[in-house]
Amino acid sequence: MKEAYILKHKDNHIRMESRSGGAFTLLSDWILQRGGVVYGCMMDENLVARHQRAESSEDRDSFRGSKYVQSNLGNTFKCIRDDLEKGRYVCFSGFACQIKGLLNFLSGVNTEKLYTICIVCHYVTSPRILRDYIKMQEQKHKGKVSAINFRNKKKYGWEANWETLSIQNKEIDSTYYAQTFYSGLTARESCYKCYFRSVDLPGDITIADAWGINDAAPEFNDNKGVSLVLVQTDKGDDWFLDVKEDCVSQQVNIDDYMQGPFIKAYSRPENRDEFWKMIEEKGLNVAFKHFIKTPMRKRIIRKLKKIQKSVSKCNKKQTSR
């Protein structure tokens with residue numbers, strides 16, 4: 001790693017549409033402005049996470065936001081090779097393991113115009129869990145899930161972990177999927193042995209949430225999203241310097257922003273086999289209630305906070321009258 005920064009896109013609309021501070025949009029815009037193509041992960045019409053190709057900002061925007069599930073790469077690597085051989089600028093965003101795989105695949109290909117963004121991850125969730133979760137919510141709310149926002153920043157702020165599902169023109173808010181994710185029980189088996197646990201990751205630039213900011217630079221945090229950017233290569237350094245004027249950035253000491261994914265792989269939970277066995281035998285919801293469900297004390301605290309927020313809003317309305 002060469003340098004570390006925290007940043008916020010100057011366009012607040014872009015930042016609110018992004019998961020963190022808008023770093024991905026900032027960097028990929030540079031590629032599109034040069035007639036290039038961007039590859040990233042989106043949720044398709046069947047709510048399957050897939051890597052897709054975009055030649056416009058409108059198509060690229062569907063790659064924004066977190067997807068807590070493994071993406072289907074399909075023929076992405078072959079398409080990138082074809083674009084590079086045609087002399088196109090190419091941006092690929094993905095996890096460290098995906099970027100390493102791409103670079104190995106492109107051995108012998110001129111990658112001068114390839115720019116890579118490494119997305120920091122704890123681990124990826126099995127697609128089976130997402131399918132079961134969607135099916136469960138559809139049965140509960142008697143309608144088809146048409147969209148899912150894994151972390152609803154607009155409604156709950158950057159630091160919250162609430163997902164929002166669109167069902168029959170209604171928005172259903174929940175922390176169910178977030179709880180399954182952070183339990184560590186739903187990770188792919190290979191993620192417990194991840195080799196990419198370092199600040200020195202494959203790719204030109206690494207981006208993540210700027211966790212640690214409340215202690216290191218609280219004045220920079222407005223709870224609308226701040227990105228952590230790690231410049232890894234000389235190419236990444238030039239790339240970042242070219243886009244800096246469109247963001248508010250500050251160079252930082254990475255020690256103040258160290259996170260679990262930079263240090264070691266997530267430990268395999270001792271009860272993982274039991275959890276998956278119960279899913280097979282009794283379904284996700286039963287397994288969730290048995291292994292993951294939020295303790296009563298936490299649920300009471302969460303309920304009280306919602307009531308407090310509601311009372312505060314009412315008081316503000318009365319004061320303004």
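This explanation follows the salt bridges of a predicted model. Side chains of opposite charge can pair when their charged atoms come close. A search of the whole structure yields 18 salt bridges, and several of them are described below.

One pair joins Asp-44 to Arg-50, whose closest N and O atoms lie 2.7 Å apart. Asp-44 has a relative accessible area of 10% and is therefore buried, since the cut-off for that class is under 20%. Arg-50, with a relative accessible area of 29%, is partly exposed.

Glu-189 takes part in a salt bridge with Arg-268, and here the closest N and O atoms are 2.6 Å apart. This pair links distant parts of the chain, 79 residues apart: Arg-268 belongs to the loop between α11 (260–263) and α12 (272–282), and Glu-189 to the loop between α8 (176–183) and β9 (205–209). Arg-268 is partly exposed at 33% relative accessibility, and Glu-189 is partly exposed at 37%.

Glu-189 also forms a salt bridge with Arg-272, with 3.1 Å between the closest N and O atoms. This contact likewise connects distant parts of the chain, because Arg-272 lies in helix α12 and Glu-189 in the loop between α8 and β9, 83 residues apart. Arg-272 has a relative accessibility of 9% and so counts as buried.

Elsewhere, salt bridges form a network that links Asp-29, Arg-60, Asp-61 and Arg-64.

Note on methods. Residues numbered from 1 in each chain as written. Predicted model: local features only at pLDDT ≥ 70, side-chain atom pairs only at ≥ 80, totals over all residues. Heavy atoms only, no water. Salt bridge = Lys/Arg side-chain N within 4 Å of Asp/Glu carboxyl O. Buried < 20%, exposed > 50% of the residue type's maximum accessible area, 1.4 Å probe, protein only. Helix = DSSP H or I, 4+ residues; strand = E, 2+ residues; numbered from the N terminus.
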